[in-house]
Amino acid sequence: MHGFEDRATGKEHLALTMGEFNTGEPVLARVHSECLTGDALFSMRCDCGAQLQAALKAIAEAGQGVLLYLRQEGRGIGLLNKVRAYHLQDAGADTVEANEQLGFAPDLRTYDMCSPMLNHLGINKLRLMTNNPRKVEALRQQDIDVVERVPLQTGQNPHNERYLSTKVWKLGHLYNNA
Ligand SMILES: Nc1nc2c(ncn2[C@@H]2O[C@H](COP(=O)(O)OP(=O)(O)OP(=O)(O)O)[C@@H](O)[C@H]2O)c(=O)[nH]1
Ligand SMILES: [Zn+2]
């Protein structure tokens with residue numbers, strides 16, 4: 001486990017690694033945004049906890065890989081604002097509309113911290129587990145070589161149906177059966 005301090009934001013990010021990394025070989029990777037409710041409290045409103053588990057399992061099975069755990073709770077709006085957004089969603093808004101009603105853009109995340117974190121670990125090529133093409137693009141713009149996007153479709157349940165379809169229709173996520 002490696003800890004990083006993001007001087008721009010004061011946030012503390014984490015990297016969990018397994019195995020050795022050889023220069024030039026792609027590494028199975030998950031760039032995961034913090035979701036306290038999904039990752040730690042088993043919330044069924046989203047798919048984060050299931051994705052985190054599935055990614056760690058895939059890395060364990062491969063015997064090699066990296067998880068970057070980024071402290072960008074609530075797509076960057078923070079935990080308490082996410083709770084406010086949940087109240088608006090309970091009153092009918094979708095995830096994007098709820099953010100907008102609170103005065104935020106739909107997704108405030110940045111991925112600037114990934115390049116220094118990966119450089120420190122000696123990793124320069126990724127097989128990235130994600131359904132989010134904007135995440136792939138953001139990493140590529142920092143000269144991180146994402147050689148493959150590995151879909152990470154898991155954790156669907158009756159409570160997150162609308163959340164998942166909003167990701168597909170409004171945020172551009174790639175999902176086969178939404
Ligand atoms: N603002 C807001 N953030 C949410 C909501 N539900 C989950 N999140 C946050 O969304 C982030 C995860 O983003 P997602 O859009 O689910 O997935 P992604 O990281 O873009 O894409 P994947 O790599 O495919 O998981 C985490 O930081 C969660 O805390 C919500 O209703 N509102
Ligand atoms: Zn979540």
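Reader: Why is aspartate 47 called buried?

Author: Buried means under 20% relative accessible area, exposed over 50%, and partly exposed in between (1.4 Å probe, protein chains only). Aspartate 47 has a relative accessible area of 1%, so it counts as buried. This is a predicted model, where local features need pLDDT of at least 70, side-chain atom pairs count only at pLDDT 80 or more, and totals for chains, interfaces and linings use all residues. Residues are numbered from 1 along each chain as its sequence is written, chains are lettered from A and ligands numbered from 1 in the order in which they are written, and side-chain values use heavy atoms, with hydrogens and water left out.

Reader: What makes the pair of lysine 167 and aspartate 47 a salt bridge?

Author: The term requires a side-chain nitrogen of Lys or Arg within 4 Å of a carboxyl oxygen of Asp or Glu. In this pair the closest N and O atoms are 3.1 Å apart, so the criterion is met. The two residues come from distant parts of the chain, 120 residues apart: lysine 167 is in helix α7 (residues 161-171), and aspartate 47 is in the loop between α1 and α2. Lysine 167 is also buried, because its relative accessible area is 6%.

Reader: How many salt bridges are there, and why can such side chains pair at all?

Author: The structure holds 10. Side chains of opposite charge can pair when their charged atoms come close.

Reader: Are lysine 82 and glutamate 73, which meet in a salt bridge, buried or exposed?

Author: Both are buried. Their N to O distance is 2.7 Å, which is within the cut-off and therefore qualifies.

Reader: What is the exposure of the partners in the bridge between aspartate 90 and arginine 45?

Author: Aspartate 90 is exposed, because its relative accessibility is 57%. Arginine 45, with 26%, is partly exposed. The closest N and O atoms of this salt bridge are 3.2 Å apart. Aspartate 90 sits in helix α3 and arginine 45 in the loop between α1 and α2, 45 residues apart.

Reader: How do you know where a helix such as α7 starts and ends?

Author: Helices (H or I, at least four residues) and strands (E, at least two) are DSSP runs, numbered from the N terminus. Within α7, Tyr163, Leu164, Thr166, Lys167, Val168 and Leu171 are buried. Their cover includes α2, α4 and α6. Just after α7, glycine 172 takes a positive phi of about 80°.

Reader: Why are the buried residues of α6 said to lie on the same side?

Author: The residues are Lys135, Val136 and Leu139, in a helix that runs over residues 133-140. They cover an arc of only 100° around the axis, which puts them on the same side of α6; the arc is that of the directions from the helix axis to the C-beta atoms. Among the elements that cover them are β3 (27-33), α5 (114-121), β5 (125-129) and β6 (145-150).

Reader: What makes the approach of asparagine 132 to arginine 134, at the start of α6, a polar contact?

Author: A polar contact is a pair of N or O atoms within 3.5 Å; within protein, one must be able to donate a hydrogen and the other to accept it, and residues adjacent in sequence count only if both atoms are side-chain atoms. A side-chain oxygen of asparagine 132 comes to within 2.8 Å of the backbone nitrogen of arginine 134, so the distance satisfies the limit.

Reader: Why does glutamine 142 count as buried or exposed?

Author: Glutamine 142 counts as buried, because its relative accessibility is 19% and the limit is under 20%. This residue lies in the loop between α6 and β6. A polar atom of its side chain is 3.3 Å from the backbone nitrogen of serine 115. Glutamine 142 is in contact (heavy atoms within 4.5 Å) with Tyr111, Asp112, Cys114 and Ser115, leaving out residues up to four places away in sequence.

Reader: Which residues form the nonpolar patch on the surface, and what makes them a patch?

Author: They are Leu36, Leu41, Leu79, Leu80 and Val83, with about 430 Å² of accessible area together; the area comes from the Shrake-Rupley method with a 1.4 Å probe, and for residues only the protein chains shown count as cover. Patches are made of residues with over 30% relative accessible area and no salt bridge, where like charges are joined within 9 Å and nonpolar side chains (Val, Leu, Ile, Met, Phe, Trp, Tyr) within 5 Å. Leucine 41 has 57% relative accessibility, so it passes the area limit and also counts as exposed. Helix α3 (residues 79-90) gives the most to the patch, with 3 residues.
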